[in-house]
Amino acid sequence: MTALTPSLLAALFYFGGMLYQMLCLGKRLTVNTGLLQGIGLIALVAHAASLYLQLMTDQGFALGLFNIASLIAWLIVALTLLSSLRAPVTSLLLGLYPLALITALLAGLFPHEATTLPSGERGLLVHILLSVLAYGILTIAAFQATLLAIQDYQLKHKHPTRFIRTFPPLQTMERLLFQFLLCGEVLLTLALISGFVFLENMFAQHLAHKTLLSCLAWVVFGILLWGRHFRGWRGSNAIRWTLAGFLLLMLAYFGSKLVRQLLIGA
């Protein structure tokens, strides 16, 4: 079985979950959380099967741009579904299902664009997996911050849309944001430490920009968490700092990866 088959199956269920939410929103119906979670679970299983076939090769671990993007999207959806068991975050899935759909299809359609990591490089694999976990959590935080900004703006201008009315209260949204940020900062710290431990030189020419941008993102998120704890930062401050840190992280990985693999073919 090729990776394209489960990729298409995952994309189909992600599309079904997105369509179901949109129909409920358009008809002003309450979303059946259990049904939405069930659709997401099936999509995740199919997505996981495609990832296994794409990542595990005879030469080692295939860590190309689309494969990593697909893995991060899978992790984001999985963490959001897990969080939805105890917190009202299913509204995030309306934006996350399309993201997972696109990345699953790209990874399935372009299986050969991949940089392989020899299977014996266990330390480096730990670093990569910690980095993916950190990016996944902090991506959810960025989505949360974006939705929080939209919600705050529409409530202040007294014209909340139907979509915004499905969100939990602002205080709940904000509390969830900082929970994601704290978890992401811990994982990012471990990812950076593992990089310095397992890589020969984190500031080598091909890694310097990635290391610098990741460290800057770590500082930004750290300042935000400090400001929240000691200064009570919230609202627009939290949103701006979260998005700034997320932009640095995306530039650190996907910016360099895009230039190297798609533009100069490295």
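**Reading helix packing in a predicted model**

Q: Which residues is His-47 in contact with, leaving aside its neighbours within four places in sequence?

A: Contacts of this kind show which parts of the chain meet in space. In this predicted model, His-47 is in contact with Ala-10, Tyr-14, Ser-70, Trp-74, Ala-100, Thr-103 and Ala-104, once neighbours within four places in sequence are left aside. His-47 itself has its place in helix α2.

Q: Is His-47 buried or exposed?

A: The term buried applies under 20% relative accessible area. His-47 counts as buried because its relative accessibility is 0%.

Q: How should one read the pairing of two helices, and at what angle do the axes of α3 and α4 cross?

A: One considers the approach of the axes, then their angle. The axes of α3 (residues 65-83) and α4 (residues 93-109) come within 8 Å and cross at roughly 150°. Angles over 145 degrees count as roughly antiparallel, so α3 is roughly antiparallel to α4. The crossing in which α3 passes α4 is left-handed.

Q: Which residues make the contact of α3 with α4?

A: From α3 come Phe-66, Asn-67, Ala-69, Ser-70, Ala-73, Ile-76, Val-77, Thr-80 and Leu-81. From α4 come Leu-93, Leu-96, Tyr-97, Leu-99, Ala-100, Thr-103, Ala-104, Leu-106 and Ala-107. By class, the residues of this contact are 14 nonpolar, 4 polar and no charged.

Q: How do the axes of α1 and α4 cross?

A: The same reading applies here. The axes of α1 and α4 come within 9 Å and cross at roughly 160°, which means that α1 is roughly antiparallel to α4. Helix α1 passes α4 in a left-handed crossing. Among the α1 residues that meet α4 are Tyr-14, Gly-17, Met-18 and Gln-21, and the α4 side includes Tyr-97, Pro-98, Ala-100 and Ala-104. The contact of α1 with α4 has 17 nonpolar, 4 polar and no charged residues.

Q: Which residues touch the most other members of the largest nonpolar core?

A: A core is read by its members and by the elements that supply them. This core holds 72 residues, of which Tyr-14, Val-77, Tyr-97, Leu-181 and Leu-249 touch the most other members. At least two residues each come from α1 (4-26), α2 (33-55), α3, α4, α5 (122-156), α7 (170-198), α8 (208-231) and α9 (236-263). Helix α5 gives the largest share, 14 residues.

Q: Which residues is Tyr-97 in contact with, beyond four places in sequence?

A: Tyr-97 is in contact with Tyr-14, Gly-17, Met-18, Gln-21, Leu-36, Gly-40, Val-77 and Leu-81. Tyr-97 also belongs to the contact of α3 with α4 and to the residues of α4 that α1 meets.

Q: How is a residue read when it is neither buried nor exposed, and where is Ile-223 found?

A: The intermediate class is partly exposed. Ile-223 is found in helix α8 and counts as partly exposed because its relative accessibility is 31%. Not counting residues up to four places away in sequence, Ile-223 touches Trp-233 and Trp-241. Ile-223 and Trp-241 lie 18 residues apart in sequence, and 8.6 Å apart in space from C-alpha to C-alpha.

Q: Where does Val-126 lie, and how far apart are the C-alpha atoms of Val-126 and Leu-190?

A: Val-126 lies in helix α5. With a relative accessible area of 41%, Val-126 is partly exposed. Val-126 and Leu-190 are 64 residues apart along the chain, and 9.9 Å separates their C-alpha atoms.

How values were computed. Residues are numbered from 1 along each chain as its sequence is written. This is a predicted model: local features need pLDDT of at least 70, side-chain atom pairs count only at pLDDT 80 or more; totals for chains, interfaces and linings use all residues. Side-chain values use heavy atoms; hydrogens and water are left out. Axes are lines fitted to C-alpha atoms, for helices over the stretch in contact, and angles run from 0 to 180 degrees between N-to-C directions. Helices (H or I, at least four residues) and strands (E, at least two) are DSSP runs, numbered from the N terminus. Angles under 35 degrees count as roughly parallel, over 145 as roughly antiparallel, 65 to 115 as roughly perpendicular and the rest as oblique. A crossing is left-handed if the near helix is turned anticlockwise from the far one by less than a right angle, and right-handed if clockwise. Contact means heavy atoms within 4.5 Å. Ala, Val, Leu, Ile, Met, Phe, Trp, Tyr, Cys and Pro count as nonpolar, Asp, Glu, Lys and Arg as charged, and the others, Gly among them, as polar. A nonpolar core is a set of buried Ala, Val, Leu, Ile, Met, Phe, Trp, Tyr and Cys residues joined through side-chain atoms within 4.5 Å. Buried means under 20% relative accessible area, exposed over 50%, partly exposed in between (1.4 Å probe, protein chains only).
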